[in-house]
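These are my notebook entries on a structure that I looked through element by element. I set down what I looked up and what I found.

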Amino acid sequence: MGLTLDLAPISTTSVVLITKALNTLVAVTELFRVDNLHAKPVEGDAEILRGLTITVNEGEVHAIMGPNGSGKSTLANTLLASPEYEVVSGKVFFHGEEITEWPTDARAKAGIFLGFQYPQEIAGVSVIQFLRQALSARKGIDLSVLELRLSAMSWMKRLGMDSSFVDRYLNEGFSGGEKKRNEIMQMAILEPEVAILDETDSGLDIDALRIVASGIREVRKERPKMGIVLITHYQRLLDELQPDFVHIMVDGRIVKSGGMEIAQELEKSGYEAYRD
Ligand SMILES: Nc1ncnc2c1ncn2[C@@H]1O[C@H](COP(=O)(O)OP(=O)(O)OP(=O)(O)O)[C@@H](O)[C@H]1O
Ligand SMILES: [Mg+2]
C-alpha cells in the first residue's frame with residue numbers, strides 16, 4: 001500500500017517527462033540521413049568517404065568544415081549520386097526512405113539540390129533554358145516561359161544580378177561570384193527540400209557574400225522546412241546564416257559536431273588537433 005502511494009508522484013512526473021520527450025520527437029522530423037557512408041571514386045580503390053554519418057532534420061542548417069581534400073565535395077557529389085563515385089557501404093535516407101541506389105535524376109526530382117563548388121559551363125544552353133528543364137524535371141510541370149522569366153528576374157534582382165543573365169549561356173564567361181549567385185537562383189526557383197551548398201561563399205566579395213546570404217535566408221523564409229548543408233572554409237557565411245550545427249570533417253568522416261563555437265575555435269587553432 002505504502003509502496004503504491006510512494007510511486008504515485010513519481011509516475012506523474014514520468015508521464016510529464018515522457019510527454020515532453022514525445023513532443024520534442026514529434027517536432028523534429030528527419031529529412032535526410034547519411035548512415036556510415038563509405039564511398040570511393042569509380043576509378044580507384046581508395047575510399048574517400050570513410051564512415052560518414054550525419055542527420056539533417058527539417059528546417060535545420062548544418063555546416064560542414066574540413067581541410068582541403070577531406071572529402072566534402074565527394075560527399076556532396078555522392079549525395080547526388082554522381083556517376084564518378086561508388087558507394088561501397090552505408091546508407092542514405094530521405095524522408096525515412098532509403099535512397100542509396102537512387103540515380104541522380106530521381107534525387108533531383110525528389111528535391112535534393114546541389115550547389116556546385118565549381119559550376120560547369122553548358123555550351124549553347126541559356127540560364128533560362130536550363131532552369132526550364134531543371135524545373136520540369138523537378139516538378140513535372142512546364143512553367144510558361146514568361147512565368148519562369150518573371151520569377152528568375154525577380155530572384156536575379158534580389159541577388160544583385162543583371163537581368164540580361166537569363167539569356168546568357170550557362171556559366172559561360174560568368175565571373176566566380178556570378179556563378180555562385182546563379183546557383184542560389186537555381187536553388188530559389190527549384191524549391192528543394194534539402195540543399196547542399198558546396199563552398200557557395202568561395203570567390204564572393206564581401207558585399208556579394210551578404211547578398212547571397214540574404215538570398216539564402218529569403219529562400220529559407222519561404223521554405224522553412226528546407227534543410228541546408230553548407231560546406232565552407234570560412235566563418236563569415238556562418239555568421240550570416242547561423243547554422244544549428246557545425247561539423248568538422250577530416251579524412252572522410254565527421255570527427256566533431258557542435259554549434260558555432262566549433263567554427264570560432266577553428267578560426268583560431270585550425271585543424272591541427274584533428275589530424276592524425
Ligand atoms: N574522381 C576522383 N578520382 C580520384 N581522386 C579523387 C576523385 N574525387 C576526389 N578525389 C580525391 O579525394 C580527396 C577528397 O576530395 P574532395 O574534392 O572531396 O575534397 P574537399 O574536402 O571538397 O576539398 P576542398 O576543400 O579543397 O574543396 C582528394 O584527395 C581528391 O583528390
Ligand atoms: Mg571541395
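The entries below go from the whole chain to single elements, and then to the ligand.

**Entry 1. The chain as a whole**

I note at the outset that this is a predicted model. I counted the secondary structure and found nine helices and 10 strands in the protein chain. I then looked up the extent of the C-alpha trace, which spans about 85 × 45 × 40 Å along its principal axes. I asked what share of the chain counts as buried. Of the 276 residues, 34% do. I also looked up the contacts between residues at least 6 apart in sequence, and 72% of these join residues at least 24 apart.

**Entry 2. The largest nonpolar core**

I turned to the largest nonpolar core, which has 63 residues. I asked which of its residues touch the most other members. They are Met185, Val194, Ala195, Ile196, Val229 and Leu230. I followed up three elements from this list: Met185 is one of the buried residues of H6, Val194, Ala195 and Ile196 are buried residues of S7, and Leu230 is in S8.

**Entry 3. Strand S7 and its partners**

I looked up whether S7 is open to one side or covered on both. Both faces are covered: Val194, Ile196 and Asp198 are buried on one side, and Ala195 and Leu197 are buried on the other. In a regular strand the side chains alternate between the two faces of the sheet. Five of the five residues of S7 are buried, so I record the strand as largely enclosed by the rest of the structure.

I then looked up the pairing of S7. S6 and S7 are parallel and pair over four bridges; Phe113 has Ala195 in S7 as its bridge partner. S7 and strand S8 (residues 227–231) also run parallel, joined by five bridges. Here the bridge partner of Leu197 is Leu230 in S8.

I listed the contacts of Ala195, leaving aside its neighbours within four places in sequence. Ala195 is in contact with Phe113, Gly115, Met187, Met226 and Ile228.

**Entry 4. Helix H6**

I checked the length of helix H6 (residues 176–190), which has 15 residues. From its first C-alpha to its last, H6 reaches 21 Å, close to the 21 Å expected at 1.5 Å a residue. I asked why H6 can be called largely enclosed by the rest of the structure. The reason is that 12 of its 15 residues are buried. The buried residues include Glu178, Lys179, Lys180, Arg181 and Glu183 as well as Ile184, Met185, Met187 and Ile189.

I looked up what the buried residues of H6 pack against, and found two strands, S6 (112–115) and S7 (194–198), and three helices, H4 (127–139), H5 (145–158) and H7 (206–222).

**Entry 5. Positive phi angles**

H6 is followed by Glu191, which lies in the loop between H6 and S7. Glu191 is not a glycine, yet its phi is positive, about 45°. Glu191 has 16 other C-beta atoms within 10 Å and is therefore partly exposed.

I recorded a positive phi for Asn36 too, near 50°. Asn36 lies in strand S1 (residues 30–41). With 13 C-beta neighbours inside 10 Å, Asn36 counts as partly exposed.

**Entry 6. The open sheet around S1**

I looked up the order of the strands in the open sheet that contains S1. Its four strands run S2-S1-S4-S5, with antiparallel pairing. The edge strands are S2 (49–57) and S5 (97–98), each of which pairs on one side only. Seven bridges join S1 and S2 in the antiparallel sense, and Val34 stands opposite Ile54 in S2.

**Entry 7. Val255**

I looked up Val255, which is in strand S10 (residues 253–258). Val255 is partly exposed, because 16 other C-beta atoms lie within 10 Å. Not counting residues up to four places away in sequence, Val255 touches Ile248, Val250 and Tyr274. I also noted the pair Val255 and Gly66, which are 189 residues apart in sequence and 9.6 Å apart in space, C-alpha to C-alpha.

**Entry 8. The shell of ligand 1**

I asked which of the 13 residues around ligand 1 come nearest. They are Pro41, Asn68, Lys72, Ser73 and Thr74. The shell divides into two nonpolar, nine polar and two charged residues. Helix H2 (residues 72–79) gives the largest share of the shell, three residues.

Methods: Residues are numbered from 1 along each chain as its sequence is written. Chains are lettered from A and ligands numbered from 1 in the order in which they are written. This is a predicted model: local features need pLDDT of at least 70, side-chain atom pairs count only at pLDDT 80 or more; totals for chains, interfaces and linings use all residues. A residue is near a molecule or strand if its C-beta atom, placed from the backbone, lies within 6 Å of it. Ala, Val, Leu, Ile, Met, Phe, Trp, Tyr, Cys and Pro count as nonpolar, Asp, Glu, Lys and Arg as charged, and the others, Gly among them, as polar. A nonpolar core is a set of buried Ala, Val, Leu, Ile, Met, Phe, Trp, Tyr and Cys residues joined through C-beta atoms within 7 Å. A residue is buried if 20 or more other C-beta atoms lie within 10 Å of its own, exposed if 12 or fewer, and partly exposed in between; C-beta atoms are placed from the backbone. Two residues are in contact if their C-beta atoms, placed from the backbone, lie within 7 Å. The expected span of a helix is 1.5 Å times one less than its number of residues. Two strands pair if DSSP finds at least two bridges between them.
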